Amino acid sequence: MLKNEPYVPTGIQIGQVEDDAGATLGVLTFETDDGEISVYINKQAADVLEKAVGRLQHVLGKSS
């Protein structure tokens, strides 16, 4: 059960930055009615997110 209601994205932006060590990080920004939520991710996190989105697509596809 969720502790709080989830934010509903009204838009998504992507970008990239370099950290202090020179490593490239992705920036995933969700636009919501309450403002923006930005998350920095590395390659490993991007791979995990890709798998998670694939699972969500599968589950959501079953309900239609």
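Begin by selecting K43, which counts as exposed because its relative accessibility is 60%; here buried means under 20% relative accessible area, exposed means over 50%, and partly exposed lies in between, with a 1.4 Å probe and protein chains only as cover. Before going on, note that this is a predicted model, in which local features need pLDDT of at least 70 and side-chain atom pairs count only at pLDDT 80 or more, while totals for chains, interfaces and linings use all residues. Residues are numbered from 1 along each chain as its sequence is written, and side-chain values use heavy atoms, with hydrogens and water left out.

**The helix**

Keep K43 selected and add D47, since these two form a salt bridge whose closest N and O atoms are 2.7 Å apart; a salt bridge is a side-chain nitrogen of Lys or Arg within 4 Å of a carboxyl oxygen of Asp or Glu. The structure holds 1 salt bridge. D47 and K43 are separated by about one helical turn because they are 4 residues apart in helix α1 (residues 43-62). An α-helix has 3.6 residues a turn, so residues three or four places apart point the same way. D47 is partly exposed, with a relative accessible area of 29%.

Next, select the whole of α1, which has 20 residues and reaches 29 Å from its first C-alpha to its last, close to the 28 Å expected at 1.5 Å a residue (the expected span is 1.5 Å times one less than the number of residues). Helices (H or I, at least four residues) and strands (E, at least two) are DSSP runs, numbered from the N terminus. Of the 20 residues of α1, the number buried is 0, so the helix lies largely in the open. At its N-terminal end, look for N42, which caps α1 with a side-chain oxygen 3.3 Å from the backbone nitrogen of Q44. Further along α1 you can pick out E50, which is exposed at a relative accessible area of 60%.

**The strands**

Now move to strand β1 (residues 11-18) and strand β2 (residues 24-32), which run antiparallel and are joined by 8 bridges; two strands pair if DSSP finds at least two bridges between them. To see the pairing, select Q16 together with G26 in β2, which stands opposite, and then Q13 with its bridge partner T29, also in β2. The hairpin of β1 and β2 has 5 residues between the strands, and there G22 takes a positive phi near 90°.

From β2, continue to strand β3 (residues 35-41), which runs antiparallel to β2 and is joined to it by 7 bridges. β2 and β3 form a hairpin with 2 residues between them, and T32 stands opposite G35 in β3.

Is T29 buried or exposed? T29 is buried, with a relative accessible area of 8%, and its side chain makes a polar contact with the side chain of S38 at 2.8 Å. A polar contact is a pair of N or O atoms within 3.5 Å, where, within protein, one must be able to donate a hydrogen and the other to accept it, and residues adjacent in sequence count only if both atoms are side-chain atoms.

**A surface patch**

Finally, select Y7, I37 and V39, which make a nonpolar surface patch of about 260 Å². Patches are made of residues with over 30% relative accessible area and no salt bridge, with like charges joined within 9 Å and nonpolar side chains (Val, Leu, Ile, Met, Phe, Trp, Tyr) within 5 Å; accessible areas come from the Shrake-Rupley method with a 1.4 Å probe, and for residues only the protein chains shown count as cover. Y7 is found in the segment before β1 and counts as exposed at 52% relative accessibility. As a last step, keep V39 and add E50, 11 residues apart along the chain, whose C-alpha atoms are separated by 15 Å.
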